[in-house]
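Please find below some notes for a colleague who has not yet looked at this structure. They deal with its cavities and with one sheet.

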Amino acid sequence: MLLTKNNAALSVLFSDFGQIMSYSNSEVIFGSSNFQNCAKELQICMDIQLIKQCMAIGKIVVLVNCEQLYESLYDLFNLQYIEYDENRVVAISLGTYSRICSVHKNFRVIVIVDQDDAYTRLPKPLLNRFEKQTLHREDLFDKYSSANLRAVLSKLQSWVKSTFDEDERPFVNTHKSLLHSLVLSLDSKQTEDTTLHDFLLSQCKNLLLWITTTDAIIRMSSKNLRNKEYARMYFEQQEHRDLFKFSQYLFEAMQSQQKSGLSNPLIFNGYFQVCVLTYSSVSMDCSSLISTDRVEYVETLSLSDLKSDIGLSEKLKQYFEKPVSTQTAQHVLIIQCEIVNFDLLNQTKFMIQKQRTCSGILNTQGKNVLLIVNVVPGKSNTTQYLIEFDTPWKYAFIDEIRPMQHSIYDILNRPFSEQIQLANVRQIISNNFRTALALLRKTNTKINDITVLISRTKELLDNEDCWKVIQPKIMEICFDYFSQNQTNYYSTFVAQHMQEYFLVANTYYSAIQYCIERILIKSFTYLLAELERNNNLDLYFEFKKANRTDGTSLWLRLLSDMKRPSITNMFTKYDQANSSAELLRWKPIEVKNDGNNNRIFKCRFPFSFEVCRYLHSLRSICESSRFGVTTALQNHINMLYPFLNNLPREFSEFFIYDYMCMFGEQCTVLTNEVQYEILKKMLETEHNDSSDTNSHIANALSFYWKQERRLQAYYVLFETFPKSVLQKKFLQKLLVPSLRVTSVEEIDILLFSVIYHNLDPRKVEISYDPVITKQRRMIWVKTLTDIKGPVEVLTSLMRNSGSSMLNNIGFIHEKWRKLQFYKEYLQEIAIPLGIVKDISMILWQNMKTKPLSSINSLELILYFLDLVSKIGDNQKSTTIDTRKANISRFFEMFTSKFLIRPIGKDDEIDKSFYSVLVSIVKGDNEKFKQVMKNPTQNLKVSILKKLLLNKQTKVLVNSELREIVKQELGISAVASINSSASLDQSTFYSYLCIYESVLQSIPEEQISKLISSISESILDVHTWKDIIKEVQLLAVIRTSLSSFADRLIAASEKGESIRAIIGSNTIYQQLLTLLDKPSFNFLRLVLLRLVVERKGRVFY
């Protein structure tokens, strides 16, 4: 019993290498299950009969995987002979029957079983009946190979590893004994000659390339330039294209051998016997695919049609006995094997070689055999294999059985742009557009939507006008992602992912064709994603249904003018880095919706995502143009989209709706449609004023940009107030069709009326429960705080509009200031001090009728704060210090924010009002003293600063300040200069701050004049801290010194010349001249200190 793998023992027994057995004195019996249609019981009977005949005449029987016969031969295996008169007999049973059979003394039986089966499946009693030996090809190599042969094997293994790297499937039906069998098949005489090692290595490489798959060659050649030489040898010197070209190659090689003696690794002496391995189906009649120029006779057999080995043996006998008419005539026997059965293939190869050997050399000249086997692509899941180089068979791989229209080598060397032109794009897209639709991923898609999309896509492809626009766009996508520098990228990609492509294409050639179709389908999918973006495709059919030729023409024109579909926007960051690879994968493609804040919308303007994005990118350019926004925008439209100028006004409304949905601010409580209705009301005010020289789109978009801040303010207000308030009191009034709006300020006023009505403080102060009152007040304060920003934006826009409704705008602004005042009152007085609602309502009712910036309001506040102070004296809920701090803080806030804030530079101020303000600063106002003992520093600064900015009060304030300084200094008319009286440092510093803040807004020319007016008599150096004649001049010096120090630091950091800076600035020159005067030498130290404090080092 020989334990082996893949019947290696059988080929070794009958090979020329070992010459152990011959075909004439032996009989090989294979298992009866190899043929699909055989009758198993009949086959067993025939095998038993053949064994009996061999036993009688003394032939050697070789049983190969004959498990069905072992039970009948147990007595024979146990050597239980019956001997008489030098004769031996043994019992052979078949089922319940048993016969005595004669056994010749030279009879031997060899059982060949698979080593794994022997260890796992075969019963131990059967194994114990035999002498067991293992026989593998590695054993032969280890026993008979020389050092030279081992060196050839080592070089061959290194070449395979370096060339194919870690490719698991470079050769068809790869196995670990492949290289051993290849080296053993070499001529032993040549292997002993060390000078022929390179020749032998080249021969081995050639034979390995014959069994290399096409995809493995592509993978190999893509790694380095050296491997491209092997790829050129594979495609140019060998023939792996199809069966017709391969047979033509064999006959030409045989003819060359006969004429010039050139050897070919696939040709024997006068014939070829090749096992052709292919991934292609071999179920068709292959006789028509043979080159018939030199063929006299062709016979085709299919192993699936044969019932037993007897039928195969008869066919082989007939073929080899058929005479060849001439010496150059050729016969070809084609045996096709569609379903791989390794045992059947081994049996078939054995029977063919046995028949050839038994027929003799002369009778086999011109008798060629092609065994065509359809192998499973990829790495085999079985331990069995087909290829054994040290057998009388040659092996070759061809990619396709049927003739190819174009060779693979031509496809690989042809630019993709040319390759794609050979495809029937329209037919491919029309047949596979449903696949493209299946790859789309769109949110909120229903079954009815899919049905409609299929029918509309088909209608779009059938329309000639649409196809003329669609086809170039598909090609643009293909060419963009498969440019000239990626000529062979798709072919390499197919080779690297053959396992995936083998699911739909069984050969590399068909995989290439499928890949090209996939590229076209995927490109169309990307285009569909753009067409379906924002429901853009539905828009075309809506125009068509309404017979709007202007709409359909615009749709096709914009599609045609679109530079390239924005496919990169559909990729992730990883996909963008591998865009070509992603285009070849069947990955779903998301249909984008460009709604702002992920709000889905349905477009109304064709391809608005392209047009709106382009015009939106020009916004900053147009807004900074000296020609004006509308004119600049119109110029850009004329350059890129001139056909938009002739569209009806309705299309401008469609456009601005899409622009609003994509780039405008979104309101969370309003739908897109309601937001557009508000915008449409605003657009009505612009239509009457629009210029005829500009397109409707330019006018509408520039108007939207202008009103965007107003809309943002609207949306914040809408989101702050309850939806019911807006719906009932604002939107229902605004969106009435009969309402005609002449200016956007009318909408503002309508909105403010609703807001003020909802924020009336009387709706807050309705409960006597202090807890509920406090909660309602805090909610009211928070609401007013939230809307402060948008309200101030709207009031600013209204004041700057130059509208004829100035009186209404002023009233709205004043009312808003009063609401702000009441909010401050609640925060500082009512809530912290627990003021009851009745007292708060008294304040509000009185403030409603009085301007905030007036003596009346000031007197009311002073009276009210005095009342609060007195009420607090009788309560124990708050401490005196807390109450006084709140009152002081509230009065400071009221004075700075409401009382004096409206005072402008050129406003006229009533003298009595001015007198009251000055008296507060001096602290001699009686009513003020009842509330606050002395004015705080912040209060003084805020009042004096405001008065100094006013032209009317500036002179008066300066004179008042001199008097205040004198009083603070305590200098009387008779006091001497060397008086020891000192100035209050905080008060003195506050005056300096007042003047310095005023100087920030004064031009440099005026500051220069003030510096030039400074004389040495401004102060006495010995008592300069005590005597000041002009406070504003000292403020000028301080401000200039500070600015000069900052400029010196900046110049040092940038490496600029300090002299150049001083020479270019008049103020710095005057300041240095002043510092040179003896009386002002000390200011050098002040400047030095400022620099050191701010930078930490001194400049020289």
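1. A cavity here is a set of points, on a 1 Å grid over the protein atoms alone, where a 1.4 Å probe fits but cannot get out. Points are joined across faces, edges and corners, and a volume is the space filled by probe spheres set on them. The structure has seven cavities of 30 Å³ or more.

2. The model is predicted: local features need pLDDT of at least 70 and side-chain atom pairs pLDDT 80 or more, while totals for chains, interfaces and linings use all residues. Residues are numbered from 1 along each chain as its sequence is written, and side-chain values use heavy atoms, without hydrogens and water.

3. The largest cavity encloses about 250 Å³. Its lining (residues with an atom within 4 Å of a point) comprises 17 residues, with Ser-11, Asn-346, Lys-349, Phe-350 and Thr-391 nearest the centre. Helices H1 (8–14) and H15 (342–359) are the elements that each give two or more residues to this lining; helices are DSSP runs of H or I with at least four residues, strands runs of E with at least two, numbered from the N terminus.

4. Five strands make an open, parallel sheet in the order E10-E11-E12-E9-E13; strands pair if DSSP finds at least two bridges between them. At the edges, E10 (295–302) and E13 (394–397) each pair on one side only.

5. Within the sheet, E9 (residues 273–278) and E12 (residues 367–374) pair in the parallel sense over six bridges. Cys-275 has Leu-371 of E12 as its bridge partner.

Key. On a 1 Å grid over the protein atoms alone, a cavity is a set of points where a 1.4 Å probe fits but cannot get out, and a pocket is an open set with protein on both sides within 12 Å along at least five of seven lines; lining residues have an atom within 4 Å of a point.
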